[in-house]
Amino acid sequence: DLTRVGLVIGSGGVLRHADPVAAVALLHGVLSDYAGGWRLPDQARVLIDRRYLLAPIGLLAMTGRPAVARALAEDLVAGG
């Protein structure tokens with residue numbers, strides 16, 4: 001049940017290099033595809049990780065640097 005998901009972040013070359021409007025539209029399309037049977041987010045904010053921050057955020061969080069990971073995550077969300 002994904003109905004409570006509040007943020008969807010798209011990452012990867014196709015999304016990063018696409019026109020920003022087209023990239024967000026692609027993710028909105030995924031969020032309205034009920035064919036898979038998942039209960040999709042009701043009202044999720046969508047953003048694109050154009051600076052590839054998700055991987056470093058995860059690594060920093062896993063290696064005991066949660067404050068740095070949190071700062072990068074906040075930067076990603078604020079700049080998204």
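Tyr52 counts as partly exposed because its relative accessibility is 33%, where buried means under 20% relative accessible area, exposed over 50% and partly exposed in between, computed with a 1.4 Å probe on protein chains only. Tyr52 sits in the loop between β2 and α3 (54-62), and its phi is near 50°, a positive value in a residue other than glycine. Helices (H or I, at least four residues) and strands (E, at least two) are DSSP runs numbered from the N terminus.

This is a predicted model, in which local features need pLDDT of at least 70 and side-chain atom pairs count only at pLDDT 80 or more, while totals for chains, interfaces and linings use all residues. Residues are numbered from 1 along each chain as its sequence is written, and side-chain values use heavy atoms, with hydrogens and water left out.

Strand β1 (residues 7-10) runs parallel to β2, to which four bridges join it; strands pair if DSSP finds at least two bridges between them. One of the residues involved is Gly10, whose bridge partner in β2 is Ile48. Along β1 the side chains alternate, with Val8 and Gly10 pointing to one face and buried, whereas Leu7 and Ile9 point to the other and are not buried.

Val8 also belongs to the largest nonpolar core, whose eight residues include Leu27, Leu31, Val46 and Ile48; such a core is a set of buried Ala, Val, Leu, Ile, Met, Phe, Trp, Tyr and Cys residues joined through side-chain atoms within 4.5 Å. At least two residues of this core come from each of α2 (20-30) and β2 (45-48). A second, separate core has six residues, among them Leu47, Leu53, Ile57 and Leu60.
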